[in-house]
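Please examine the sequence and the three-dimensional structure shown here before reading the questions.

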Amino acid sequence: TIKAFIFDLDGVITDTAEYHFQAWKALGEELGISFGRDFNEQLKGVSREESLERILALGDRDLGLSEEEKAALCAKKNDHYKQLIEGISPKDILPGIEDLLKDVKAAGIPMAIGSASRNAPAIIEKLELNGYFDYIVDAGKVTKGKPDPETFTVAADHFGADYGSCVGVEDAHAGIEALKAAGMFAVGVGSEESLGKADYRVDSTEQLKFDAIVQRFV
Ligand code: B16
Ligand code: MG
């Protein structure tokens, strides 16, 4: 039986990925590095610092930035991102998610958020979903981000649940890798191309149904 559900935030509960994209794109342009939505796929689920490294690597010149300068760029991106998410509200919860959360809660299974975002607690509050989540793992609680399993194992440990009895829901390649490395049942939301390793995959959040997940869980 399933002992815990652990949900990724960006791309599963709400679509903040678009705001991350806009904020990184603006910062990239200031640095003379431009990119589109395709490249942005490689930033999903990846930490703020690692995202900046990937953008810098995309630009072909070595900008020779110091650690302080990199930290300042990350802070600048985050300020812009926070401005962009200022107005999010419960209407930004992705389709089907609230029904799924209700069903899991009704079944008495504890739920956590496993996110790479330090903004996760603030976003859950703006979406008014606090009542569903017993625990939030954000980037501040782990030393290694996805694809390392730590984000998910920290949540499972909080519940005292063995990893094999946990279900994780993810939209990013790095997130599915993290779940499989943890030995958890990985539910993917998105394309077969990037989430091929998921144990069960659907195309969009409205197809996520509690009964279907329970049936496939083995
Ligand atoms: P922040 P998730 C991830 O959230 C995002 O997918 C990723 O694009 C972002 O860089 C990362 O959080 C860090 O976020 O800059 O807000 O701390 O998908 O793991 O919920
Ligand atoms: Mg995500």
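The questions and answers below concern one strand and one ligand.

This is a predicted model, in which local features need pLDDT of at least 70, side-chain atom pairs count only at pLDDT 80 or more, and totals for chains, interfaces and linings use all residues. Residues are numbered from 1 along each chain, chains are lettered from A and ligands numbered from 1 in the order in which they are written, and side-chain values use heavy atoms, without hydrogens and water.

Q: Is strand S4 largely enclosed or open, and how many of its residues are buried?
A: Buried means under 20% relative accessible area with a 1.4 Å probe, protein chains only; strands are DSSP runs (E, at least two residues), numbered from the N terminus. Cys166, Gly168 and Glu170 are buried on one side of S4, and Val167 and Val169 on the other. Strand S4 is therefore largely enclosed by the rest of the structure, and the number of buried residues is five of the five.

Q: Which residue in S4 is the bridge partner of phenylalanine 5?
A: Two strands pair if DSSP finds at least two bridges between them. Strand S1 (residues 4-7) pairs with S4 in the parallel sense, over four bridges. The partner of phenylalanine 5 in S4 is valine 167.

Q: Which residue in S5 stands opposite glutamate 170?
A: S4 and strand S5 (residues 185-189) run parallel and are joined by four bridges. Opposite glutamate 170 in S5 stands glycine 188.

Q: What percentage of the area that ligand 1 exposes alone does the protein bury?
A: A polar side-chain atom of aspartate 10 lies 2.9 Å from an oxygen atom of ligand 1. Ligand 1 taken alone exposes 460 Å² (Shrake-Rupley method, 1.4 Å probe). Of that area, the protein buries 97%.

Methods
Buried means under 20% relative accessible area, exposed over 50%, partly exposed in between (1.4 Å probe, protein chains only). A polar contact is a pair of N or O atoms within 3.5 Å; within protein, one must be able to donate a hydrogen and the other to accept it, and residues adjacent in sequence count only if both atoms are side-chain atoms.
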